[in-house]
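Got the viewer open? Let's walk through this one stop at a time, selecting as we go.

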Amino acid sequence: MSSAAAPRAAASSPPCPDHAVDNGYPHVPVDTILKEIRQQNTGPRHVCILGAGMAGLVAAYELLKLKNTVEIIEASGGHGGRVHTHHFKDGTYAELGAMRVPITHDYTHHYIAEMGLRKKLITFINNVENGFWDIHGVVTRQTKGSVTKIYDKYRISDYFRKNMPSGGAIFGFLMDNLIDGLTEEEKQMMFDGVAGTGLLQYLSGVSLREFIVQNVGEEVLDVIGVFTSLDVWWDKAVTMYLRDEMVGTGSCLQTLEGGMSQLPDTLYEKVKKHITFDREVSRIKLLENGVEVTTRTPDQEGTSSTKKYDYVLCTIPFSVMRRMDLENLSYAKISAIRGMTYANATKVALDCKERFWQEGKYPILGGSSTSDHIQRQTYYPMDHLPVTKPLLRESFRPTVEGARFRRPSIHTMTPQPSPPAALMKRTEPMPGALLGAYCWDQDARRLGALSNDERAEVVIRNVSRFHKDLRKYVVDHASVDWEEYRWTAGAFVMLKPGELERFYPAAIRPEGRLFFAGEHCSTDQGWIQGALIASLRAVLQIVSTK
Ligand SMILES: Cc1cc2nc3c(=O)[nH]c(=O)nc-3n(C[C@H](O)[C@H](O)[C@H](O)COP(=O)(O)OP(=O)(O)OC[C@H]3O[C@@H](n4cnc5c(N)ncnc54)[C@H](O)[C@@H]3O)c2cc1C
C-alpha cells in the first residue's frame, strides 16, 4: 500500500506526524484538478450557479478567476449553507454545521489557505481521556482502565477486553482488517462507485449491522454502537465507513479559531456582487442547448420568473430537488434524486458563562464526552485553551498486531491522553459554548421534534449526569435540526447498501448543459471536501465544454 496519494498538511499549519501512514486515499489531488481546469479552459462563458453553499461559492470563485461571468441564485437569506457558526451575544460561538477538517482533506485545506485563513487553524481534539463516557448507566472517564466498567455490562471476548480501549477501537480493528484485504484497484473502485469484484459486490450489498454481526456477533455490535453512536446507522452501507477509514478522517483534525463560517464568509466577499438571495429555484427544464430556470420568492406569494441560461451548475441538495419541478432530465438522474438516502443530524449548543469543565477536578481541554442518552456526543470548545503551547494530537494508533500505523476515521479514533499538567496555564474565567448535543438520524429526529427551549432542557438534564453543576452556568442556547431546515431537508448523504453503485454515476453525470455538484455528488459525503471535489469536477466539465 502506498501513501503517495495522501496530501500533506498546509505548510504553516501545525505539523502532523506522517510516519509510516498506510491508508492511501484514492482521489484526484486538488492541485491536479486546478491545473487541468486552467489547461482545458475554452471559455469565457456565462454560468448560472444554483446554491451559495461551499460547492456554489467555490465554483463561482474559480469560474470568475478564468474570466467567466457568473450569477448565483440562493434561496435563503445567507451564504455558506451547512457551514454554520452560531455566535452568542457574549462573543462565544458554536458550530451548528461543519466543525472539523481532517489533514487528509486537501481541497478544504487548499481554500482555507487561499482565503488567508491558515493562521486561524487550531487543533480540533476529538476524544480525550478526561472526557466522560455515560454508557449503560456507567459514568466514567474515557481511560483504558475504566473502560472495563462498561465492558463488564456486555458479554465480549477477553481478546477485545484486553486489547481494545473502546468500542471505536474494535470498530477500527474490523475496518482495518477489511481494508488490508482490498487491492489498490478495489480501493479505487470504491471511490468510483463501482462494485467490480466479488469482494466489492459483497461489501456494497452488506449493511453495517450485518457486517459486524457476521464478523464479531450481536454483543460486540451493541458495544460498537454505544461507543461510536453508530447504532442509529446500522442500515447504512459498510462501504461508507470503509471509505472514511481509508481517507483517515479522524487524523490530525483542525478547525478555524473564530468559527468555520469564516471560510464561506471570505469566499462570499470575492463573489458577492453576483449573488441574488431569497430566490428559490422551483423548476429546472433542460433544453436542447441550455437550461431554463424558474425562481420565486420563498414565501411562495411573490411572482415567479423564468430565464434561459447556456450553462447551469446545480449544487442544490437532492433532498430539496426532490420537491422541485424537473423537466426533461434523464430517468437515471430522477431516480438518483429520489433514491439517495440522507441522514439527519441535530446539534444543540449551550452557551456557558464560564468554562467550568476546564477547572479543578475536571480539567477537560477540548475533545468530547459520549453518552447513550439522546444527546449522544458533547463537544468542548477548542478555542482559547489554557495551555502554554498549541496542542497537537497525533491521532495515530498502532493496530492490534502493532505493525501498521493508519490514520483512523472519525468513528474509530481512541481517546487521546490529556495534556500534561506542565502545559496548563492559569487564565481568567471566560465564557464558552458547549456543543451539548451532536446526534444523528433517529436520535436527531426525536430531539429535533422538540422546541428550541425543550431541546436545550433535555440536553442540560442529560449532560448534568456527568457535569453536575452545568445548569447554573448555561445562559443561552441555540440548535438546528438539519432535516427540519427547508434548504437542506437532511444533514448529508448516508447511503444504504447498493445505493452508491445504483445512483452515484447518474448523480454526477451532466445532463446536457446542466451540471451537478455538492457533497451528494462525491464519495466523501458529509464533508466539505466532498462538496469541493464535486464542485471542481463540475467546473472542469463546464470550462472544457466544446
Ligand atoms: C451537522 C453537520 C455536521 C457536519 N460536520 C462536518 C465537519 O465537521 N467537517 C466537514 O468537512 N463537513 C461537515 N459537514 C458537511 C458539510 O457541512 C457539507 O458537506 C457541505 O457544507 C455541503 O456543501 P454544499 O455546497 O454541497 O451544500 P449546502 O451547504 O447545503 O449548500 C447548498 C445551498 O443551496 C441552497 N438551496 C437549497 N435549495 C435551494 C433552492 N431551491 N433554490 C436555491 N438555492 C437553494 C441552500 O440554501 C444552500 O445555501 C457537516 C454537515 C452537517 C449538517
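Which residues does the domain assignment give to domain 1 and which to domain 2? Domain 1 takes 41–84 + 261–342 + 496–543, and domain 2 takes 123–256 + 345–481. Colour those two selections separately, and keep in mind that you're looking at a predicted model.

**Stop 1: where the domains touch**

Drop a centroid on the C-alpha atoms of each domain: the centres of domain 1 and domain 2 are 32 Å apart. At the contact, domain 1 puts in twelve residues and domain 2 puts in 15 residues. Now select helix 12 (262–271) and helix 18, since each of them supplies at least two residues of the domain 1 side that touches domain 2. Helix 18 gives the largest share of that side, with five residues. By residue type, the domain 1 side splits into five nonpolar, three polar and four charged.

**Stop 2: helix 8**

Keep helix 18 (499–508) on screen and add helix 8 (residues 198–205). Which residues of helix 8 are buried? They are Leu200, Leu203 and Ser204. Turn the view to look down the helix axis: the buried residues of helix 8 fall within an arc of 95°, so they line one face of the helix. Spin to the other side of helix 8 and you'll find Gly198 and Tyr202, both exposed. To see what the buried residues pack against, show helix 7 (184–192), helix 11 (238–247) and helix 18.

**Stop 3: the largest nonpolar core**

In soluble globular proteins, nonpolar side chains tend to be buried together. Here the largest nonpolar core has 155 residues, and Ala59, Val312, Leu313 and Leu532 are the ones touching the most other members. Select helix 19 (residues 528–543) next: the largest share of this core, eleven residues, comes from there. Both domains feed the core, with at least three residues drawn from each of domain 1 and domain 2.

Now centre on Ala59. What is Ala59 in contact with, leaving aside its neighbours within four places in sequence? The list is Ile49, Leu313, Ala517, Ser535, Ala538 and Val539.

**Stop 4: strand 12**

For a contrast, select strand 12 (residues 305–309). How many of its five residues are buried? The count is zero, so to speak a strand that's hardly covered. Add strand 11 (residues 290–296), which pairs with strand 12 in the antiparallel sense over five bridges. To pick out one of these pairings, show Glu292 together with its bridge partner in strand 12, Lys308.

Technical notes:
Residues are numbered from 1 along each chain as its sequence is written. This is a predicted model: local features need pLDDT of at least 70, side-chain atom pairs count only at pLDDT 80 or more; totals for chains, interfaces and linings use all residues. A residue is buried if 20 or more other C-beta atoms lie within 10 Å of its own, exposed if 12 or fewer, and partly exposed in between; C-beta atoms are placed from the backbone. Helices (H or I, at least four residues) and strands (E, at least two) are DSSP runs, numbered from the N terminus. The arc is that of the directions from the helix axis to the C-beta atoms. Two residues are in contact if their C-beta atoms, placed from the backbone, lie within 7 Å. Two strands pair if DSSP finds at least two bridges between them. Domain bounds come from an automatic or database domain assignment. Ala, Val, Leu, Ile, Met, Phe, Trp, Tyr, Cys and Pro count as nonpolar, Asp, Glu, Lys and Arg as charged, and the others, Gly among them, as polar. A nonpolar core is a set of buried Ala, Val, Leu, Ile, Met, Phe, Trp, Tyr and Cys residues joined through C-beta atoms within 7 Å.
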